[in-house]
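I opened this entry to keep track of what I looked up, one item at a time. The structure comes first, then the notes.

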Amino acid sequence: MKKIENKSLAKAILKPGSVLVLFLILSVVSGVLASPHFLDFEYILAAMTQYIELGIVAIAFTFILISGEIDISVASAMTLSSCFAAILYNYGLPMGLVIAVTLLFGILLGLINGALTTFTKINSLIITLGTMSLYRGLAQILIGKGSVGDFPEWFVGIDRTKVFGFLPLSIFVFIVLIVIMEVILKQTFFGRKVFAMGTNDKVALYSGVKMHKNKLVLFGILGLFTGIAGIMQISRYGLAKYSLGLGGELDVITMVLLGGTAFSGGRGSTIGTALAFLVVVLIKISMTLINMERMIQLMIIGLLLVVTIIISDRLHKYQDLNS
Amino acid sequence: MSELVKQKKKISITSVRELGLVAIILILYVVVGLIEPRFFSFRVVMSIMLSTPILIIVALGEMTAIISRNVEVSLGSIMAFSAIIGGMIFKSNIDFPIVVVFLVATVVGGLLGLLNGTIVTLFSLPSVIVTLGTMNVYRGLMFVLMDAKQIDNMYIPRNLIKLAQPQESIIGIPYIIIISIGVAVLVSIILNQTKIGREIYAVGSNPDAARLRGIGVNKVKIIVFIFAGACSGFAGMIYMARVGYVNPVTTGVGMEFMAVAAAVIGGTSMAGGSGKTLGTVLGCILLGLMMTSISYLGIEGSAQKAMYGLIIIIAVVLEKIIKSKLGKEGR
């Protein structure tokens, strides 16, 4: 009797989502230990705006990973969109039009990844390993070593514009996108197809899911999100540089995996990704508060990624054994 | 009979690729030389040759990993880490025997590779994600180890630097080029003539079949990771000889992507199970030629990164198209 109780207790605790809760608690504790200013609500919000673009990319990235694909070119695509927008504006296009064209450009970048992956049936990891280098290099060709800025006043500072008097506009956008994408993922036919593609692609194919079309759509959505993130990025900095968001794919992958999405596809949620975004931001805040060097911060995030993927993989397997 | 024909066909296809690469290299060299006559000189040929040994050694390690169906993106970090350890030994005693330091750097690289391989096999995780993590972990570690400082030129023994200088060699060819050719021959022998070499190909082309044939798949994978790491550690010493300093932030950044590009250009299939030493070496020479051409033609260095990406994509897509065409003919 007691054994069974123990087992159900273990079952309740050893869920993939528990890692997230554990890390959330750990990050808050370490943050409080790092500095008394840590629990300042306004400070946390302000810090969140500094990483919000990666969070936005991570939402759409969750869909891609659930469907069994991956895209490690996201940070490069985001910054290429930023540089593209900056160049367009400096050619004299009105900012409103620049934003619209850049979003389309972002979709195009995503579709390039999607088309190369689906039509050639080459692993998306390899294709995006190439486009990661290609997109970043194109950004470097567009902008060179310097930076391009001088945007209109209304456009700059999305992180300082407040909604409802306290919430930075960029975080508001983030929350709206999470809600929309979670509803699409969990409540629509399209969302069920995304899960089906990642769980078993053959079964999905035979039950009438048009794999090519749906994967293209997913890569297009991810491209749109990198476009949005690219626009928000230059609004926050007020300028575009080719080196913005360098290494951002590491943060994005860490957030999505930490949020409980399985690397092998078929499982995951955008709410989980959003919570994991919070964890990563809290850890980054504590590291910045104790003046940790950027290289060491990267190391900690790298370590977090490895630990997360090990633990969540174990827990997924444990859950499968017991269900 | 039909199998014999098929086999003959296979051989001719693979050698066609290598001959094609040689042709591309020669054509590119002549074209660039016609635009910029300074290119036709022994000095330029030497500088092209000198730009490849580091890449060749890392790329051969990467190729072995790709053959076994893994991608190692922490090799640039491993190379820098090993070079830093070697540099620290020289910093404490510049007269330390160079051969021993070579050995230490190779072992350090092998150990870091072992760590990657252990994580990948123990938890059966995708190697790219694991090494993406350890790439940053290793780089952060050496940053801490060096306290953000670099190993300056003054700490590196002259005898090591001499390995990269043509005028210091008795046969006129810098020793690091000879060393890299030696490594290539060694890798070729290991992959083609030994049991473990055949097992690496078997694991890469079909892991399940390899397991059924009694091959310890995880053991083979770990050996591959150790080997790739050891190659990169060894390359770290060549880097020190050629470049003359080691920096924890910049050394070896992006090396892994060049290595993947070189291997893929050389005909290594990203699906695993195939890849040839000669092809990878030719891929490295092509990349080295491209880099030298870029600087001689006055094209901005910023185009380089985009080019590597484009090369990887074009190479894998072409590979796929050629393979599917051949597959249809076969049926």
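Entry 1, Gly110(A). I listed the contacts of Gly110(A), leaving aside its neighbours within four places in sequence, and found Phe219(A), Gly220(A), Leu222(A), Gly223(A), Leu224(A) and Thr226(A). Gly110(A) itself belongs to helix α6 of chain A. For one of these partners, Gly223(A), I looked up the separation: 113 residues in sequence, but 4.0 Å in space from C-alpha to C-alpha. Is Gly110(A) buried or exposed? Gly110(A) counts as buried because it has 29 C-beta neighbours inside 10 Å, and 20 are enough for that label.

Entry 2, confidence. I note that this is a predicted model. The predictor gives an ipTM of 0.79 and a pTM of 0.84 for the complex. For chain B the mean pLDDT is 87, and 93% of the residues of chain B reach 70 or more. I keep one caution in mind: where pLDDT is low, the predicted coordinates should not be read in detail.

Entry 3, chain A as a whole. I counted 14 helices and 2 strands in chain A. The radius of gyration of chain A is 20 Å, close to the 20 Å from the globule rule for 323 residues, so chain A is as compact as a globular protein of that length. The C-alpha trace of chain A spans about 75 × 55 × 35 Å along its principal axes. Of the 323 residues in chain A, 49% are buried. I also checked contacts in chain A between residues at least 6 apart in sequence, and 81% of them join residues at least 24 apart.

Entry 4, the core. The largest nonpolar core holds 187 residues, and Val57(A), Val58(B) and Ala261(B) have the most contacts inside it. Which helix gives the largest share of this core? It is helix α11 of chain B, residues 217–243, with 16 residues. I then followed Val57(A): beyond its neighbours within four places in sequence, Val57(A) is in contact with Val74(A), Met78(A), Phe225(A), Thr226(A), Ala229(A) and Val252(A). Thr226(A) is thus on the list for Val57(A) and on the list for Gly110(A).

Entry 5, helix α9 of chain A. In this helix, residues 189–199, I found Lys193(A), Val194(A), Ala196(A), Met197(A) and Gly198(A) buried. The buried residues of α9(A) pack against α4 (52–66), α8 (169–187), α10 (201–206) and α11 (211–237) of chain A.

Entry 6, where the chains meet. I found 35 residues of chain A in contact with 36 residues of chain B. On the side of chain A that touches chain B, α6 (95–120), α7 (124–143), α12 (248–258) and α14 (294–322) each supply at least two residues. The most comes from α7(A), with 14 residues. By class, I have 23 nonpolar, 9 polar and 3 charged residues on that side of chain A.

Entry 7, two positive phi values. Asp150(A) has a phi near 60°, positive in a residue other than glycine. I located Asp150(A) in the loop between α7 and β1 (162–163) of chain A. Asp150(A) counts as exposed because it has 10 C-beta neighbours inside 10 Å. Arg69(B), also not a glycine, has a positive phi of about 70°. Arg69(B) lies in the loop between α3 (53–67) and α4 (75–92) of chain B. Arg69(B) is buried, with 21 other C-beta atoms within 10 Å.

Conventions. Residues are numbered from 1 along each chain as its sequence is written. Chains are lettered from A and ligands numbered from 1 in the order in which they are written. This is a predicted model: local features need pLDDT of at least 70, side-chain atom pairs count only at pLDDT 80 or more; totals for chains, interfaces and linings use all residues. A nonpolar core is a set of buried Ala, Val, Leu, Ile, Met, Phe, Trp, Tyr and Cys residues joined through C-beta atoms within 7 Å. A residue is buried if 20 or more other C-beta atoms lie within 10 Å of its own, exposed if 12 or fewer, and partly exposed in between; C-beta atoms are placed from the backbone. Helices (H or I, at least four residues) and strands (E, at least two) are DSSP runs, numbered from the N terminus. Two residues are in contact if their C-beta atoms, placed from the backbone, lie within 7 Å. Ala, Val, Leu, Ile, Met, Phe, Trp, Tyr, Cys and Pro count as nonpolar, Asp, Glu, Lys and Arg as charged, and the others, Gly among them, as polar. The radius of gyration is taken over C-alpha atoms; the globule rule is 2.2 Å times the number of residues to the power 0.38. pLDDT is the predictor's confidence in each residue, from 0 to 100.
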